[in-house]
Every structure is written in C-alpha cells, then in structure tokens.
Amino acid sequence: MSEFLEFVDVSKNYGAIKASDHVSLSVKQGEFFSLLGPSGCGKTTLLRMLAGFESPDSGRILLDGQDITDIPPYQRKVNTIFQNYALFPHLSLWDNIAFGLRVAKCSKKDIKERVEKMLALIQMEDQAWKKPDQISGGQKQRVAIARALVNQPRVLLLDEPLAALDLKLRQRMLIELDLIHDQAGITFLYVTHDQGEAMSLSDRIAVMRSGRVEQLGTPAQIYEAPRTSFVAAFIGDTNFFDGTVAEPVDQRAILRGMLPAVVDKDYSRLVIGDLPDLECFNDKQIKQGEHVFLSVRPEKLSISREEPERRPHVNMLRGTVEDVIYLGSQTKYWVRVGEYRISIVRQHTRFFLDEKPIKWGEEVWISWHADDGFMLEKYSEQDENLLRLPPEAVGETPVEPAPAPAAEEART
Amino acid sequence: MRPSRVPAIVTWAVLVFFYLPIVVLVAQSFNSSRFGGHWESTSLKWYIALMQRDDIWSALVNTLVIAASATLGAMILGTSAAFALHRYAGSRLQKVHYSVIYMPLVLPEILMGLSMLLFFVALKIQLGMFTIGLAHVTFCLSYVAMTVLARLQDFDYTIIEAAQDLGAGWWTTLWRVLIPMLAPGILAGGLLAFTLSIDDFVISFFVAGPGSTTLPIRIYSMIKYGAPPLINALSTILLVVTFACVTISQLLSRNKRAPGT
C-alpha cells in the first residue's frame, strides 16, 4: 500500500516562530494517527494546513497521490472536527449534519437517507430538530462528528476534540471515537496535547516539539523506547538520573571473576552524583564520559522492605518512603534516595488485608533490571519550560499505564 | 430607617419633564377645538382632515422611499463595515475605520448637512430625492455598523472555517451562514436606521431640492403657516410608528440567546 497522506518537507513560520520546521510525515489509509505535543509545538498548524486554512511556506501536502497544497479548503475531501465544535447555531441538528450534502447539491432523498443514518449512528434521532444551544457538550461533540463523517471524507481531522469535555465524558467519548473509527474505516488525524488520549486511541503517534517531529511510532514504541528525554518525560511518568557514562560493565564483571553476563549485550556503568553506580543497557553505544539522563519508568521499579537477592545487572538503591498514594488498582510511592525523589508504581495483583503495607517513613529497597532503563541525551532548558507548561485544557486524563506527565518531580 | 424618597421624586420629575409635552400633544390631537386652549370634544376630525391633504401624502411617500432605500444601503454597507471592523480589529487601519464610522454619531448634524450640501453643489449633483437618500445612508450606516458590531462580539470565526471545511465557498458561506447568523443584528440596525431616516430634518433640509419635500420638512413649513391640530395628529402617528420600530429593533437585538429561536 502506497502512502495515503503525505507531508513532504513542510515548513511554516509565523514571524520568527517556526510552527512547522521541514516536517515530513506519512499516514496510511485507515490509520488512526495522532499528532501529540505541548502547546505551541506546531501540531495544530499541521492540521490546519491539511484542512486548507493555512498554506505552508514551503513543501507539499499529498492526499492519495494528489497534490492538495494549493487547493482551497472547500474543495478538499477532508473534514474537520473543531475543538469548540463550531456547530451552526442558527440551524437545527438535522440541518447542521445536512449542510455539507446540501452544499454539494446531493438529491433530497440522498440527503435524508444519509443524515438519518448518521443520526442513528450517534443515537440522536429523537433530538434532530433541536438547536445546538439546547444540547449538552457531549452531544454537540457527536453532532460535530456526524456533520463531518456524513460527507465521507478521505481523512477526518480532529483538533483536540475532547478538550472541552469533563473527565467522565471524555473517557466515554474516547471509546466512542474508537468505535466510530472502526466502523467508518476512515483515516483519522488526531491532534492532542493529552498523551493519555493519544496512547489509548492511536495506531501511530508523532510526538512533536518546536515544529519538528521528535519521534514517530506506535504508542508502545514511544512509551517503551523513547528516543529523547523530551519524549520520555512528555509521554507518561519517568524518573531521571543525571549521570556520566563510565566504562562498560561486562569488562569489569569478567575482570573480577564474577558471573559473566550475557556477553552479546553491552551494559554501561553510570556514575550518578552521590548515589551508587547504576547499570544500564547501552544499545546506542554511548561513549564513556558522556553526560546522560538515565530514565526509568515508575512501574519498572520494584519496592521491597527486605533487601532483594543480588543478581547481575540488577540495580539496587536504598531509600526512605516519603509519600504513598493509594490509587485502588495500584499504589504510588515516592522514595527519597540522596538528592533524588523517585516515583514507583506498584500494580496490585494480589492484595491480602493482613499484609503489612509499606508506609511513610520506612526504609525500603528499590531495584530494577538494567534493561528497563534507557540512556537519553539531556534535554535543554527550553524543553524543560515546555514540559512545565500547564495543560491547555481542563486537566489530564489518567489513562493507564501512563499517568499525567510529571517529569520534574523526580529530579529535585 | 425608611428609604429616602428623593430618588423616586427625581425619577418622576424627569419622566414628567420628558414626556408631558408628548402626552399633551397626543391628547390634543383628539381635541376637536381649533385652538388648544380648551377641550371641546373628543374626535378624530384632525386625523380625517389629514387624510385629505395631498401635500402631506406626497411628502410621506417621499420620506418612505428615501428611508427604505437609505436603510437598504446602510444595511449592506454597515454590515460589511462591521464585519471588517471585527475581523481585523486591532490593526491600525481598522482603528481609523472605526473613527470614521463612529464620527456621524457625534458630529453635529448641521455640520454634516452643510458639508454635504457644499459637496453636492461642488460636484454639480442635482439636489433632490437622490441626494437626501445618499446623505441618509452616510449617517444610517453608522448605526447599522454599531448594532451589527455588538452582535459580532461573541461571533466565533471557526464557524466560517467549519462552513468552508464542509465545502461551502465564500458566496455560500455568506448566504447560508453569515447572513442568517447576523440577521437579527442587521434587522435591528436597519429598523433603527429607518426611524432615523424618517424623522431626520436638519440634514434633509440642507440637501433637499425642488419636489423632494420630506415629511419633517413639510411639518416645519406647516407650523410656519399655523395648522397645529393637523400636526398633532401627524406627530402622533409618527410617534406610534417610531415606537413600534424601536421596540422591534430592541427585541431583535436582545433575543439572541433565547432558547428555541
């Protein structure tokens, strides 16, 4: 299958701000593709260029092999769902949905048939003659989806469609969007700053930063193997250790006559401030002496009262529990180790009421396998500011297993 | 402590000051006496006499023709002006534009009338209905622009993008989305313009030519030759029409949030 939708070297500047900096992306037919990033990363600009509301300074946009860069928005076979829905307030829901078909001069019979099919899909047949200001936010959202889908667009563009809804409704709409995508079989291009939404819906995600695509991949690839510390911090929670790469681990192990580890893997030792040295899998062949961030996801860490058995390539740290947050399906611990405040998430697989839970102030052991950490280049000051930006909308969606991004907490 | 009575007294005094003359005028229009000094009997005789005055009727027709065309012109120009003002608010050019649109609301009418007279004479345009209509458009469009601008305050431009996104070109967007959405504002402004045009005297007086006498000018000349009871009747009718227009105009601009509309 050839590429369905392509951005080829697309650039767009607003004055000195590079909203889109030589972006090249391709989306497959039928895919649920998300553009994810903090506000001002250029994700909305890309979407608006595809819709035709903005035109790129340079580069081309191809849809199904056709160059649509210079085609006005009303001639593009794409439809948009706007953040504030943008329903026509003077028209009934029925007429809102029929708008595109009427403009396209479809026959009356055809319009009636298709609008009613859409109303059935969104389960609002009985409210067809209401005006947009008489229905709730979630219903408006569904009408907006119907109004776009009824035109059978080649691509459906969704611009932060859930941002204006409250948490409960958002979670329900997430499921509905997923269902609609499966049923309609249309390519979805989804723009969001909410990593939870992107993770749970997308086939693939492009994480954007300052007008560039930072990483492109499936949700699992992006979560489990972030290419940069920005991605690691933005997608989900992580602990960062600020360290320097020391000599490879295997050599040391062999010299001391200890158990030789799996030799084809290459582990490096990291020197981290006043902490004991840590081991990390070094697949990127980062050289000795480099400054890096060691990133470890909270759910990859084990916490225990007793000292775990020493095994090769398992890092162990001793610390004091500073905070415990019980979340039902899991518990979150904050453990102080030297200058680091490390977050640990423990899934409750089994829970015995007589088990003595780990409490605030206890001395504990933290351990993880060297394979579960990854070394990343340090992100710049500028990115740190990006990550601290408050979320654009009502709040974050805690979608498991990736709670709200909170990168800075682990580093203080 | 009892609340002070002063506010109530002042309110009544103001109301009496403003509206007593009008009440007297309306009452007198039903008085059959030739002179307003004493009450003879209640009758509609002046209204009937009014029906037979052809000069008044032709003046009324002139007034209505001018008002209708001035209103139409003002609605089109005023709406376009308001749209430009709102869409590009903040640009320096639009600040100038706003002042230009706002000016006729504060400028002394006599100044406008005089300057327009000089302008028309300089261009050697025959004074008449056409010049009165043109002059009326200039001040009416300000009122339409201001009314539409008020309605545009909570207008969401993504609506326009949504229309385009759904395949509507500029023309379709204008007719199917923009005008229907702004219609209450445009109509309210239009009605305001209509009433202003109907009772405008000063500007009309300056730019009127032979055969283009409007109702206010007619009334003025009638007063000079003394026919107060007729004028009372005519004024009462004008009052009712104006009041109706203004009421509808206000209902239209207030009603925008009412459910089910």
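## Chain contact and antiparallel strands

The contact between the chains draws 19 residues from chain A and 16 residues from chain B. Keep in mind as you browse that this is a predicted model. Below you will find the chain A side of that contact, then an open sheet, then a hairpin.

**Where chain A touches chain B**

- Strand 6 (78-81) and helix 2 (93-103) of chain A are the elements that give two or more residues to the side of chain A that touches chain B.
- Helix 2 of chain A supplies the largest share of that side, three residues.
- By character, the residues on this side of chain A split into 11 nonpolar, seven polar and one charged.

**The five-stranded open sheet**

- In chain A, five strands line up in the order 15-19-16-17-18 to make an open sheet, and their pairing is antiparallel.
- Strand 15 (302-304) and strand 18 (340-347) of chain A sit at the edges with a single partner strand each, so one side of each has no neighbour in the sheet.
- From one strand to the next, the twist averages 40 degrees.
- The partnership of strand 17 (residues 330-337) and strand 18 of chain A is antiparallel and runs over eight bridges.
- Within strand 18 of chain A, Gln347(A) is the residue opposite Gln330(A).

**The hairpin of strands 1 and 2**

- Strand 1 (residues 5-14) and strand 2 (residues 17-27) of chain A run antiparallel and are joined by seven bridges.
- Across this pairing, Phe7(A) faces Leu25(A), which lies in strand 2 of chain A.
- Two residues separate the two strands of this hairpin, and Gly15(A) in the turn has a positive phi of about 60 degrees.

Terms used: Residues are numbered from 1 along each chain as its sequence is written. Chains are lettered from A and ligands numbered from 1 in the order in which they are written. This is a predicted model: local features need pLDDT of at least 70, side-chain atom pairs count only at pLDDT 80 or more; totals for chains, interfaces and linings use all residues. Two strands pair if DSSP finds at least two bridges between them. Helices (H or I, at least four residues) and strands (E, at least two) are DSSP runs, numbered from the N terminus. Axes are lines fitted to C-alpha atoms, for helices over the stretch in contact, and angles run from 0 to 180 degrees between N-to-C directions. Two residues are in contact if their C-beta atoms, placed from the backbone, lie within 7 Å. Ala, Val, Leu, Ile, Met, Phe, Trp, Tyr, Cys and Pro count as nonpolar, Asp, Glu, Lys and Arg as charged, and the others, Gly among them, as polar.
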